[in-house]
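Me: Could you take one part of this protein and walk me through it closely? I am new to reading structures, so please explain the terms as you go.

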Amino acid sequence: MRYLLIVFLLAIQYANSSANEDDFRNCLFKTGADLSFPSNKTWWLDSQGNSVPSLRNPLAVAYVLFTKQVQQLVQCAVKNDVKPVPRSGGHSYQGFSSLDGTLVIDISRINSVKIDAKSKTADVGAGIRLGKLAYELGQQKFVFPTGNNMTIGLGGQLAAGGVGELTRLLGLSVDHVLQFEFVDWKGNILTVNSTNHKGLFWALKGGGGGTFGKEFHNDKGKLHLIS
C-alpha cells in the first residue's frame, strides 16, 4: 500500500522591506485568517515555533484553515513587500519557519484526515503532526512511513524527504507522495505531480534539501496508503 499525498507548499523569494502597516493589516483581516500581532498576549508562543534557535520578530502570524486563505495571504504579503514564511510544525532547526519582519503563515490547523479504504488513499492536511497521522491511519490498519519525532508537521517532514524507522522497509515518506497542491510566490495555486510540473514535483519531494526556494510550506494532501 502506498500513499497519495496532495501537499501544499510555498516557494518564496521575496526580500522584506518596510510596509504600510495599515494597508498590510487591512489586507490580512480580509482573508478571514486567525491573526496574531506583537500586541497579542500569546505573541511569544505564536511567533517562535517549536525549534527556533533564537528570538525572532515577524510582523504577524496568520493561522489558516484552507488553501484559499494561504493564497490571499501570500498576495497580501507580496503587495506590501513583506516576505511570507510558511510554517507547518515549526521545527525548522535553522529557524526558517519564523523570520524577522515577515508574515508567518501557519497551517497547523489544516490537520484533517479522510481515508478511502477502497482506493487506499487519504486526504490529509499537511499541518497534521506525525503522531496524529499515525494514530488516525492505524485506526483503519494503514501505515505511512514517517520520522521519529511525532510532534513534527507533515509538511516539513516531506520537504526534507522523510527519513524514519520504517525507511529501510517502506522507503522515504516522499516515495509515497503522488501529488502536491502548491502555492507559488505570486499566489498561484498549482497542481504538481509526475506529469504536471515534473521538475517542481522532484524539488518538493525533498530535492530542495528541506528549504526549496528559500522557504516552503505544505497545506492539504492526498496519500496513497500502505496496509
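Reply: Let's start with a facing pair: Leu35 stands opposite Ala62 in strand β3. This is a predicted model, where local features need pLDDT of at least 70 and side-chain atom pairs count only at pLDDT 80 or more, while totals for chains, interfaces and linings use all residues. Residues are numbered from 1 along each chain as its sequence is written, and side-chain values use heavy atoms, leaving out hydrogens and water.

Strand β3 covers residues 60–63 (strands are DSSP E runs of at least two residues, numbered from the N terminus). On one side of β3 you find Ala60 and Ala62, and on the other Val61 and Tyr63. That fits a general pattern: in a regular strand the side chains alternate between the two faces of the sheet. Both faces of β3 are covered, and these four residues are all buried (under 20% relative accessible area, with a 1.4 Å probe and protein chains only).

Now look at the neighbours of β3. Strand β2, residues 34–36, pairs with β3 in the antiparallel sense over 3 bridges (pairing takes at least two DSSP bridges between the strands). Strand β5, residues 102–106, runs parallel to β3, and 4 bridges join them. One of the residues to find here is Tyr63, whose bridge partner in β5 is Asp106.

Stay with Tyr63 for a moment. The charged end of Arg109 sits over the Tyr63 ring, 4.4 Å from its centre (this needs CZ of Arg or NZ of Lys within 6 Å of the ring centre and within 35 degrees of the ring normal). So what can you trace from Tyr63? In β3, Tyr63 is buried, its bridge partner in β5 is Asp106, and its ring has the charged end of Arg109 over it.

Key
Buried < 20%, exposed > 50% of the residue type's maximum accessible area, 1.4 Å probe, protein only.
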